[in-house]
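Got the viewer open? Here is a short tour, stop by stop, with something to select at each one.

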Amino acid sequence: MTDTPQTPDWLQSGYDRIWMPYTQMQTAPLPEAAVRTEGTRIHLSDGRELIDGVGSWWAACHGYNHPHIVEAIRDQASKLPHVMLAGLANEPAFTLAARLPEALGLPPYRAFFSESGSVSVEVALKIAAQYWHNKGETKRKKFLCFRGGYHGDTFATMSLCDPVDGFHAAFQGVVPGQLIADLPEDDTTEAALADLLDREAATLAAVIVEPLVQGAGGMLFHDGETLKRIRKLCDTHGLLLIFDEIFAGLGRLGGMLAGGLADVRPDILTLSKTLTGGTLPLSATLASEDVFQAFQSNRLEDCLMHGPTFTGNALACAAANASLDLFESEGRLAQVQALESAMLPTLEACRGMPGVQDVRGKGAIGVVQLDIGGFDELVWLRGRFVEEGVFIRPFTNIVYLTPAYNIAADDLARLTDAIIKIVPEWAAKFGKK
Ligand code: PMP
């Protein structure tokens with residue numbers, strides 16, 4: 001043992017070869033070396049520990065290494081980690097498909113499994129397009145999405161993201177053009193959307209929206225009425241409605257589905273992130289019985305033409321079943337409500353501070369929006385949070401928390417205290433008024 005902090009051998013040698021996500025690798029600081037996780041703690045190679053405010057891109061909803069999920073993965077790994085899903089069934093995938101609708105408060109929907117959020121949205125788009133094709137309506141090939149939205153990083157999902165956001169601006173013209181509208185949050189925007197649909201509905205396969213909160217677009221919230229207006233317009237124009245619940249679903253807003261909180265049902269929905277409690281890559285695309293029926297025929301070409309290698313992966317589905325257990329056995333939704341009541345009033349302390357534009361949140365999401373002037377300010381904030389012993393990763397113009405639903409009160413207080421302390425430091429350093 002030495003007193004000097006240890007940098008593990010693999011960090012620099014691997015960094016010289018790995019391509020990190022969303023990272024300008026010429027200027028980015030070396031990432032922190034995480035060697036162990038536990039609950040809401042991330043342990044670093046040099047002995048420091050960080051309280052996690054992000055849940056690893058919003059996925060680790062039960063904290064890390066929950067023993068019930070770890071045990072389920074271990075047990076499944078020793079029995080059957082994976083078999084292909086064509087021609088072979090595995091118990092965790094079939095059990096998950098059977099229990100998901102009831103767990104989500106839905107009537108029977110069909111579940112198609114893939115391995116990332118983006119791919120589950122791709123599958124949703126494919127289902128919607130083929131639904132119309134199978135019904136002989138061959139002109140319905142486009143999709144309508146909303147400003148502020150984000151649905152993934154693959155090419156088709158990129159075409160559904162707000163084109164002016166920083167993620168995909170370089171690819172305008174590369175990805176297919178879709179229709180984009182303002183969310184119908186009031187009568188004026190509803191009328192504008194109705195006009196657009198009057199003109200374009202015959203070319204559209206579906207409308208896609210992140211229900212109640214647009215996450216990567218900047219944690220922008222809208223109300224259930226907005227979803228009701230979208231549902232009504234889809235019904236009037238005979239369009240399928242897709243809810244991308246990858247961020248908002250599975251407890252994040254306090255209900256098993258955001259659509260359920262608003263009492264609005266989509267025709268197709270997508271889940272990922274928290275589906276395995278953030279442990280293994282898995283996503284699900286769920287389709288209503290009506291949508292599924294359009295694929296039933298005696299012609300092979302009417303079937304869903306999709307089949308990724310790892311669809312229905314037994315390890316990931318075992319983790320997802322264990323994650324669903326915890327919502328019941330540990331009362332997760334009640335914990336989200338308690339978290340909301342503790343986190344949001346505390347973050348209100350930031351309102352009125354120099355440089356603070358807004359404080360908002362719902363469920364297990366807390367947001368402080370800042371007058372951020374440039375990327376250097378984000379880098380400074382990220383580093384300063386780590387110095388303070390918390391992992392909080394601001395982006396665009398927000399500092400936010402998406403902690404584990406079961407985070408302990410004192411860990412949550414360390415996260416909110418850090419924000420309340422560091423936002424004024426940022427304001428003073430960068431001259432905010
Ligand atoms: N949809 C939404 C609403 C998301 O928040 C994300 C991920 N941030 C995705 C889709 C894409 O998921 P993935 O990163 O797993 O491909």
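## First stop: threonine 270

Threonine 270 touches Ser120, Val121, Ala124, Phe243, Asp244, Glu245, Ile246, Ala284 and Thr285, leaving out residues up to four places away in sequence. Keep in mind as you click around that this is a predicted model. Color by secondary structure and you'll find Threonine 270 in strand β11, residues 268–271. Is Threonine 270 buried or exposed? It is buried, with a relative accessible area of 1%.

## The ligand

Two residues from that contact list, Asp244 and Ile246, also turn up around the ligand. Select the ligand and show what surrounds it: Trp58, Ser116, Gly117, Ser118, Tyr150, His151, Gly152, Glu210, Asp244, Ile246, Phe247 and Lys273.

Now put some distances on screen:

- Glycine 117 has a polar backbone atom 2.8 Å from an oxygen atom of the ligand.
- Serine 118 places a polar side-chain atom 2.6 Å from an oxygen atom of the ligand.
- Lysine 273 has a side-chain N or O atom 3.0 Å from a nitrogen atom of the ligand.

## Zoom out to the domains

Pull back and color by domain. The domain assignment of the protein chain gives domain 1 as 47–62 + 331–429 and domain 2 as 67–329. Draw a line between their C-alpha centres and it spans 27 Å. Where the two meet, 23 residues of domain 1 are in contact with 26 residues of domain 2.

## Into the nonpolar core

Next, go inside. The largest nonpolar core has 92 residues, and Leu100, Leu144 and Ile419 are the ones that touch the most other members. Helix α14, residues 409–429, supplies the largest share of this core, eight residues. Both domain 1 and domain 2 contribute at least three residues each to this core.

Select leucine 100 and show its surroundings. Leaving out residues up to four places away in sequence, leucine 100 touches Phe113, Leu271, Leu275, Ala284, Leu286 and Leu324. Ala284 is also on the list of residues that threonine 270 touches.

Apart from the largest core lies another one, of 23 residues, including Val123, Trp132, Cys145 and Ala287.

## The cysteines

While Cys145 is on screen, select the cysteines. How many disulfides does a search of the whole structure find? Zero. Why does cysteine 145 have no bond to its closest cysteine sulfur? That sulfur, in cysteine 161, is 7.8 Å away, too far for a bond. Cysteine 145 itself counts as buried, at 2% relative accessibility.

Cysteine 234 tells a similar story. The closest cysteine sulfur to its own is in cysteine 145, and at 13 Å that is too far for a bond. Cysteine 234 is buried as well, with a relative accessible area of 1%.

## Two leucines with positive phi

For backbone fans, bring up the Ramachandran plot. Leucine 212 has a phi near 70 degrees, a positive value in a residue other than glycine. You'll find leucine 212 in the loop between β7 (204–209) and β8 (213–214), and it is buried at a relative accessible area of 5%.

Then jump to leucine 250, where phi is positive at about 55 degrees although the residue is not a glycine. Leucine 250 sits in the loop between β10 (240–244) and α9 (258–261). With 1% relative accessibility, leucine 250 counts as buried.

## A glutamate in a helix

Select glutamate 190, in helix α7, residues 187–200. Buried or exposed, this glutamate 190? Buried: its relative accessible area is 14%, under the 20% cut-off. Show its contacts and, leaving aside neighbours within four places in sequence, you should see Pro184, Arg229, Lys232 and Leu233.

## Last stop: threonine 396

Finish on threonine 396, in the loop between β15 (390–391) and β16 (398–401). Which residues does threonine 396 touch, not counting those up to four places away in sequence? Ile372 and Leu378. Now add glycine 374 to the selection: threonine 396 and glycine 374 are 22 residues apart in sequence, and their C-alpha atoms are 8.7 Å apart in space.

How values were computed. Residues are numbered from 1 along each chain as its sequence is written. This is a predicted model: local features need pLDDT of at least 70, side-chain atom pairs count only at pLDDT 80 or more; totals for chains, interfaces and linings use all residues. Side-chain values use heavy atoms; hydrogens and water are left out. A nonpolar core is a set of buried Ala, Val, Leu, Ile, Met, Phe, Trp, Tyr and Cys residues joined through side-chain atoms within 4.5 Å. Buried means under 20% relative accessible area, exposed over 50%, partly exposed in between (1.4 Å probe, protein chains only). Helices (H or I, at least four residues) and strands (E, at least two) are DSSP runs, numbered from the N terminus. Domain bounds come from an automatic or database domain assignment. Contact means heavy atoms within 4.5 Å. A disulfide is a pair of cysteine sulfur atoms within 2.5 Å. A residue is near a molecule or strand if one of its heavy atoms lies within 4 Å of it. A polar contact is a pair of N or O atoms within 3.5 Å; within protein, one must be able to donate a hydrogen and the other to accept it, and residues adjacent in sequence count only if both atoms are side-chain atoms.
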